[in-house]
Amino acid sequence: MKTGVTAYIIENNRTIRKVTVARITGNMVLVKFNEGGGIRVRLNRLFDTEEAARRYLGVKGIIHDRYNGQLM
């Protein structure tokens with residue numbers, strides 16, 4: 001990952017958002033949103049492509065408890 005590269009993050013465990021990497025310091029990355037503003041996230045929360053982020057969301061899916069029908 002390099003400064004100025006476009007990356008993707010997952011917000012609220014459901015929304016994929018396009019960001020630009022502004023600065024990398026150790027394991028933390030400052031990302032800027034296209035609409036303005038930015039946040040600091042861990043490097044493992046960034047994805048190179050939107051497809052990689054979608055695959056990650058597919059793996060995390062909702063777990064259904066088969067014994068009493070509650071969502072866990």
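Which residues form a nonpolar patch on the surface? Met-1, Val-5, Ile-24 and Leu-43 do, as the second view shows. The model is predicted: local features need pLDDT of at least 70, side-chain atom pairs count only at pLDDT 80 or more, and totals for chains, interfaces and linings use all residues. Residues are numbered from 1 along each chain as its sequence is written, and side-chain values use heavy atoms, without hydrogens and water.

**View 1. The open sheet of 4 strands.** Its order is β1-β2-β3-β4, with antiparallel pairing (strands are DSSP runs of E, at least two residues, numbered from the N terminus; two strands pair if DSSP finds at least two bridges between them). At the edges lie β1 (6-11) and β4 (38-42), each pairing on one side only. Along the chain from the N terminus, the elements run β-β-β-β-α.

**View 2. The nonpolar patch.** Together its four residues, Met-1, Val-5, Ile-24 and Leu-43, have about 280 Å² of accessible area (Shrake-Rupley method, 1.4 Å probe, only the protein chains shown counting as cover for residues). Patches are made of residues with over 30% relative accessible area and no salt bridge (a side-chain nitrogen of Lys or Arg within 4 Å of a carboxyl oxygen of Asp or Glu); nonpolar side chains (Val, Leu, Ile, Met, Phe, Trp, Tyr) are joined within 5 Å, like charges within 9 Å.

**View 3. Ile-24 in its strand.** Ile-24 sits in β2 (residues 15-25). Its relative accessible area is 32%, so Ile-24 is partly exposed (between buried, under 20%, and exposed, over 50%). The bridge partner of Ile-24 in β3 is Val-29. Strands β2 and β3 (residues 28-33) pair in the antiparallel sense over 6 bridges.

How values were computed: Buried < 20%, exposed > 50% of the residue type's maximum accessible area, 1.4 Å probe, protein only.
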